[in-house]
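Here is an informal walk through one protein model, for someone who would rather be at the bench. Have the sequence and the structure open while you read.

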Amino acid sequence: MPVPPAKRPTLDDIRALQMRPPHVWFAEVTEPLVEEFARDPDTLRRVVSAVREVFHFHERLWWYWDSTDKKRVHDTPNAAEFLEKLKKRSNAFRALDAAAIATKHHVRDNRKHHRGMVQIVGYPDPDFLHVVATATQVHRTIGDGGPDTLATIQEAMTVYCDYL
């Protein structure tokens with residue numbers, strides 16, 4: 001006999017959920033993902049998980065502190081503006097932005113002469129000079145000849161610690 005699906009949460013259920021504080025999420029999710037990648041840098045799954053988590057952690061910081069202590073996120077009006085502040089502080093965020101997009105957005109070019117090839121759809125930061133078109137280009141360095149992936153992640157983690 002099939003098991004009935006679990007009760008789907010209502011909008012009120014979702015609104016009642018509390019966001020975990022950034023320091024708790026950082027310790028329980030972000031740091032362990034980076035540690036796993038550092039121990040096994042040849043596994044694509046680990047690098048993709050670490051890059052995405054570390055890059056997108058800025059959103060958790062902004063959403064949490066925006067409602068409780070806006071000065072901690074430089075009184076920025078949204079997470080995108082907070083990211084711009086982080087990019088001015090460290091180039092690691094420029095590299096991670098390009099890497100996170102490359103690991104998440106995959107577009108195939110289906111024109112007659114390019115069938116099956118990856119189409120490069122643009123990059124988030126013109127100041128980051130290394131082209132990153134696919135997830136496999138973030139294994140050891142972000143892009144061809146770009147910065148070391150693990151060192152870039154660790155630099156961003158150090159910046160985040162100032163906000164925790």
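A salt bridge here is a side-chain nitrogen of Lys or Arg within 4 Å of a carboxyl oxygen of Asp or Glu. With that in hand, take glutamate 28 and arginine 20: they form a salt bridge, with the closest N and O atoms 2.4 Å apart. Keep in mind that this is a predicted model.

**The overall layout**

The protein has six helices and two strands. Going along the sequence, the pattern reads α-α-α-α-α-β-β-α. There are 164 residues, and 35% of them count as buried. Among the contacts with a separation of 6 or more, 59% are between residues 24 or more positions apart.

One pair shows what such a separation can look like in space. Alanine 38 sits in helix α2, and its C-alpha atom is 9.9 Å from that of threonine 149, although the two residues are 111 apart along the chain. Alanine 38 has a relative accessible area of 38%, so it is partly exposed.

**Salt bridges**

How many salt bridges does the structure hold? The count is nine. Three of them are set out here.

| Salt bridge | N to O distance |
|---|---|
| glutamate 28 and arginine 20 | 2.4 Å |
| lysine 70 and aspartate 66 | 2.3 Å |
| arginine 89 and aspartate 162 | 2.2 Å |

Are the partners buried or exposed? Glutamate 28 comes out at 49% relative accessibility, so it is partly exposed. Its partner arginine 20 is also partly exposed, at 42%. In the second pair, lysine 70 is partly exposed at 30%, and aspartate 66 is partly exposed at 24%.

The bridge between arginine 89 and aspartate 162 ties together distant parts of the chain: arginine 89 belongs to helix α4 (residues 79-89), aspartate 162 is in the segment after α6 (149-161), and 73 residues separate them. Arginine 89 has 43% relative accessibility and so is partly exposed. Aspartate 162 has a relative accessible area of 52%; exposed means over 50%, so aspartate 162 counts as exposed.

Some bridges also share partners, joining Glu36, Asp40 and Arg46 into one network. Arginine 46 is part of helix α3 (residues 44-68). Its side chain makes a polar contact of 3.3 Å with the side chain of aspartate 40. Leaving out residues up to four places away in sequence, arginine 46 touches Glu36, Phe37 and Asp40.

**The nonpolar core**

Now for the greasy part. The largest nonpolar core has 37 residues, and Val54, Leu96, Ile153 and Tyr160 have the most contacts inside it. Which elements give two or more residues to this core? They are α2 (22-39), α3, α4, α5 (92-104) and α6. Helix α3 supplies the largest share, 10 residues.

Valine 54 is a good residue to click on. Apart from neighbours within four places in sequence, valine 54 is in contact with Thr30, Val34, Leu96, Ile153, Ala156, Met157 and Tyr160.

**A closer look at α6**

Start with a check on the geometry of α6. At 1.5 Å a residue, its 13 residues should span 18 Å, and the end C-alpha atoms are 19 Å apart, which agrees. At the start of this helix, a side-chain oxygen of aspartate 148 comes within 3.2 Å of the backbone nitrogen of leucine 150.

Which residues of α6 are buried? They are Thr149, Thr152, Ile153, Ala156, Met157, Val159 and Tyr160. Looking down the axis of α6, the buried residues fall within an arc of 160°, so they line one face of the helix. The background is simple: an α-helix has 3.6 residues a turn, so residues three or four places apart point the same way. The buried residues of α6 are covered by elements including α2, α3, α4 and α5.

**A buried arginine**

One more residue to look at is arginine 94, in helix α5. Why does arginine 94 count as buried? Its relative accessibility is 16%, and buried means under 20%, so arginine 94 falls in that class. Not counting neighbours within four places in sequence, arginine 94 is in contact with Lys87, Asp125, Asp127 and Phe128.

Methods. Residues are numbered from 1 along each chain as its sequence is written. This is a predicted model: local features need pLDDT of at least 70, side-chain atom pairs count only at pLDDT 80 or more; totals for chains, interfaces and linings use all residues. Side-chain values use heavy atoms; hydrogens and water are left out. Helices (H or I, at least four residues) and strands (E, at least two) are DSSP runs, numbered from the N terminus. A polar contact is a pair of N or O atoms within 3.5 Å; within protein, one must be able to donate a hydrogen and the other to accept it, and residues adjacent in sequence count only if both atoms are side-chain atoms. Contact means heavy atoms within 4.5 Å. Buried means under 20% relative accessible area, exposed over 50%, partly exposed in between (1.4 Å probe, protein chains only). A nonpolar core is a set of buried Ala, Val, Leu, Ile, Met, Phe, Trp, Tyr and Cys residues joined through side-chain atoms within 4.5 Å. The expected span of a helix is 1.5 Å times one less than its number of residues. The arc is that of the directions from the helix axis to the C-beta atoms.
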